[in-house]
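Q: Could you take me through the largest nonpolar core of this protein at close range, and then show me what sits around it? I'd enjoy one connected tour rather than a list.

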Amino acid sequence: MNTLVTNELFMDFIECPYRGYLRLTGAPGRQTDFGELSERLRESYHSRAREHLLRVYRDKGKQVCTGVGLSMVFADKYDLAIDVTASDGNISIRFDALLAAPGSTNTGQPDYIPIVFANNEKISKEDHLRLALCASVLIRWNACRPSFGSILHGSDFKMTKVKLAKALPKADSALEQIRALDEQTSEPPVLRLNRHCPTC
């Protein structure tokens with residue numbers, strides 16, 4: 001196999017390696033009612049968070065864009081970019097948003113801060129890893145090396161700054177494990193059912 005690593009595959013794997021394996025191998029599966037509801041809530045929050053950020057930064061007179069590739073963001077030096085895609089032969093990752101570091105657009109190549117949207121009031125460890133995945137892609141593309149990112153979360157769209165020193169190695173490790181799983185022909189990860197997990 002030579003499967004692209006996507007946001008969905010990454011999230012499945014860090015939440016449950018066996019579920020990640022099923023997505024990786026294309027095994028059929030039925031979405032649970034809980035899963036469908038969670039997906040609808042995430043999509044609804046993403047739309048509202050997107051409009052919130054666009055309104056805030058347009059009111060400030062900033063240069064913003066949506067739905068573009070990562071290379072275009074850096075070429076045109078946008079202050080804020082939402083729904084950005086970075087793709088190559090091994091990975092296809094969507095950034096919820098990228099924000100130019102203050103003052104950096106005036107001094108040559110800007111540094112960008114990754115932002116992820118989370119519809120929870122409290123930030124989870126999975127949110128930290130999603131943010132670290134975005135930072136890892138920026139580093140791998142030699143675009144910039146962010147030491148922190150931000151998570152936009154909750155009904156009030158609170159922006160929380162998050163240091164990446166601890167989460168970044170975990171995200172890199174998960175990426176390597178996914179690639180190893182993609183290449184091996186041995187047994188899949190052990191399925192561990194948990195009573196508290198509503199997905200299965």
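A: Happy to. Of the 45 residues that make up the largest nonpolar core, Phe10, Leu70, Val84, Phe95, Tyr112 and Leu138 are the ones touching the most other members. At least two residues of this core come from each of α1 (7-15), α2 (17-25), α4 (70-76), β3 (80-87), β4 (91-100), β5 (112-118), α5 (125-140) and α6 (167-183). Helix α5 provides the largest share, with 9 residues. Please keep in mind that this is a predicted model.

Let's zoom in on one of those core members, Tyr112. Setting aside its neighbours within four places in sequence, Tyr112 contacts Val73, Phe74, Lys77, Tyr78, Leu98, Leu99, Ala100, Leu138, Cys144 and Pro146. Leu138, one of these partners, is itself listed with Tyr112 among the core residues that touch the most other members. Apart from this core lies another one, of 14 residues, including Tyr57, Val64, Ile115 and Leu152.

Lys77 is a partner of Tyr112 worth a stop of its own. Lys77 sits in the loop between α4 and β3, and with a relative accessibility of 32% it counts as partly exposed. From Lys77 to Val64 the C-alpha to C-alpha distance is 9.5 Å, with the two 13 residues apart in sequence. Val64 is among the members of the 14-residue core, whereas Lys77 is in contact with Tyr112 of the 45-residue one.

Now for the charged groups, starting with the elements that feed the largest core. The side chains of Arg130 and Asp96 form a salt bridge, at 3.7 Å from N to O. Arg130 belongs to helix α5 and Asp96 to strand β4, so this pair ties together parts that are 34 residues apart in sequence. Both of these residues are buried. Asp96 also has another partner to look at, His46, which touches Asp83, Asp96 and Phe117 when residues up to four places away in sequence are not counted. His46 is found in helix α3 (residues 33-59). Its relative accessible area is 19%, and because the cut-off for buried is under 20%, His46 counts as buried.

Strand β4 takes part in a second link of this kind. Glu8 and Arg94 meet through their side chains in a salt bridge, again given as 3.7 Å, N to O. Here the pair joins helix α1, where Glu8 lies, to strand β4, where Arg94 lies, so it ties together parts that are 86 residues apart in sequence. Unlike the buried Arg130 and Asp96, Glu8 is partly exposed, at 37% relative accessible area, and Arg94 is partly exposed as well, at 34%.

Another salt bridge brings together the side chains of Glu51 and Arg50, at 2.9 Å, N to O. Glu51 is partly exposed, with 39% relative accessibility, and Arg50 is also partly exposed, at 22%. There is a network of salt bridges too, linking Asp12, Glu15, Arg19 and Arg23. The count of salt bridges comes to 12.

Glu15 from that network leads us to an open space. The second largest pocket is lined by Ile14, Glu15, Lys125, Glu126, His128, Leu129, Ala167 and Lys170, and it holds about 210 Å³ of space. Helices α1, α5 and α6 each supply at least two of its lining residues, and α5 gives the most, with 4 residues. By character, the lining divides into 3 nonpolar, 1 polar and 4 charged residues. Helix α5 therefore turns up in two roles, since it gives the most to this lining and also the largest share of the 45-residue core.

Stepping back to the whole chain, there are 6 helices and 7 strands. Read from the N terminus on, the elements follow the order β-α-α-α-β-α-β-β-β-α-β-β-α. Of the 200 residues in the chain, 44% are buried. Among contacts with a separation of 6 or more, 57% are between residues 24 or more positions apart.

Technical notes: Residues numbered from 1 in each chain as written. Predicted model: local features only at pLDDT ≥ 70, side-chain atom pairs only at ≥ 80, totals over all residues. Heavy atoms only, no water. Core = buried A, V, L, I, M, F, W, Y, C linked by side-chain atoms within 4.5 Å. Buried < 20%, exposed > 50% of the residue type's maximum accessible area, 1.4 Å probe, protein only. Contact = heavy atoms within 4.5 Å. Salt bridge = Lys/Arg side-chain N within 4 Å of Asp/Glu carboxyl O. 1 Å grid on protein atoms, 1.4 Å probe; cavity = no way out; pocket = protein on both sides within 12 Å on 5 of 7 lines; lining within 4 Å. Points joined across faces, edges and corners; volume = space filled by probe spheres on them. Nonpolar A, V, L, I, M, F, W, Y, C, P; charged D, E, K, R; others polar.
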